[in-house]
Amino acid sequence: MKSFVYNIFFVFFCIVLTKIQVCFADCDNLQDTCPSIPPNKQTIFINGLPCKNPANVTAQDFKTNELSNASPTDIFGASVKLVTAAEFPGLNTLGLSIGRIDIENDGLVNFHYHPRATEMIFVKKGVLIAGFIDTKNQVFQNVLKVGDVCVFPKGLFHYILNQGFEDAIVYSVFNSQNPGQVSIIPTTFDTTLESVDKLKKKLISFSASQVNNDILSS
């Protein structure tokens, strides 16, 4: 009898553990579509966004022009626009969000990470240095050109530097409808400019050393 009870308990434990693991990521949708209600019209608050009344769903819920224009540029010479299910209703429950990054010549997307998503970027315009740092403090850095795709793993600090001679445009996709973003915030404007300039030189130097190592190893 005890053995039977233990077996039942073990099976129950495994089921609960599996459900917990599943909920660590965006949950699968349980219906074909679920366009979100705009946040300013919500009357209940849940982990995610509630669905519109199916009778009010239209084709317009599944398209957006949010990425047609850049957002304002920050002090690093970059603008990052993140579009989630809150702005693009058709993304709700699909586990996706999108973004646009515009970087001025010699501009930098400062070190940041997304706690709930992996990011994949596509270079539409420009020549970039892009990289991320893993939990062993190892740097993985690449030079990206038009048409290149690069991935930044979930929860790891990453950055993008415009090394070309023109403004750059990058589009991104995230595997969460609300990836979040945690950035390194500078303390003062003056020290930021100085530290950013030093950081850019280090990134360019690291990129040059990588090229030399590739030539020597080939």
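# Exercises on a predicted model

K52 has a relative accessibility of 22%, so K52 counts as partly exposed. The structure is a predicted model. The exercises below start from K52 and move on to strand 2.

## Exercise 1: the salt bridges

Find how many salt bridges the model has, and say how K52, D61, D102 and R100 take part.

Step 1. Take the count. The rule gives two salt bridges.

Step 2. Start with K52. The K52 side chain meets that of D61 in a salt bridge, at 3.1 Å from N to O.

Step 3. Classify the partner. D61 has 7% relative accessibility and therefore counts as buried. K52, at 22%, is partly exposed.

Step 4. Turn to the other pair. The side chains of R100 and D102 form a salt bridge, with an N to O distance of 2.7 Å.

Step 5. Classify both partners. R100 is buried, with a relative accessible area of 9%. D102 is buried too, at 14% relative accessibility. Buried means under 20%.

## Exercise 2: strand 2 and its neighbours

Decide whether strand 2 (residues 97-103) is largely enclosed or not, and work out its pairing.

Step 1. Count buried residues. Seven of the seven residues of strand 2 are buried, so the strand is largely enclosed by the rest of the structure.

Step 2. Sort the residues by direction. S97, G99, I101 and I103 point one way. I98, R100 and D102 point the other way. Residues on both sides are buried.

Step 3. Place the salt bridge. R100 and D102, the partners at 2.7 Å, point the same way from strand 2.

Step 4. Pair strand 2 with strand 1 (residues 78-83). The two run antiparallel and are joined by six bridges.

Step 5. Pair strand 2 with strand 9 (residues 168-174). This pairing is also antiparallel, over seven bridges.

Step 6. Follow I103 into both neighbours. In strand 1, A78 stands opposite I103. In strand 9, the bridge partner of I103 is A168.

## Exercise 3: the setting of C34

Locate C34, state whether C34 is buried or exposed, and list its contacts beyond sequence neighbours.

Step 1. Locate the residue. C34 lies in the loop between helix 1 (2-23) and strand 1.

Step 2. Check accessibility. The value is 4%, so C34 counts as buried.

Step 3. List contacts, leaving aside neighbours within four places in sequence. C34 touches C51, P89, N92 and T93.

Step 4. Take T93 further. C34 and T93 are 59 residues apart along the chain, yet their C-alpha atoms are separated by 6.5 Å.

Terms used. Residues are numbered from 1 along each chain as its sequence is written. This is a predicted model: local features need pLDDT of at least 70, side-chain atom pairs count only at pLDDT 80 or more; totals for chains, interfaces and linings use all residues. Side-chain values use heavy atoms; hydrogens and water are left out. Buried means under 20% relative accessible area, exposed over 50%, partly exposed in between (1.4 Å probe, protein chains only). Helices (H or I, at least four residues) and strands (E, at least two) are DSSP runs, numbered from the N terminus. Two strands pair if DSSP finds at least two bridges between them. Contact means heavy atoms within 4.5 Å. A salt bridge is a side-chain nitrogen of Lys or Arg within 4 Å of a carboxyl oxygen of Asp or Glu.
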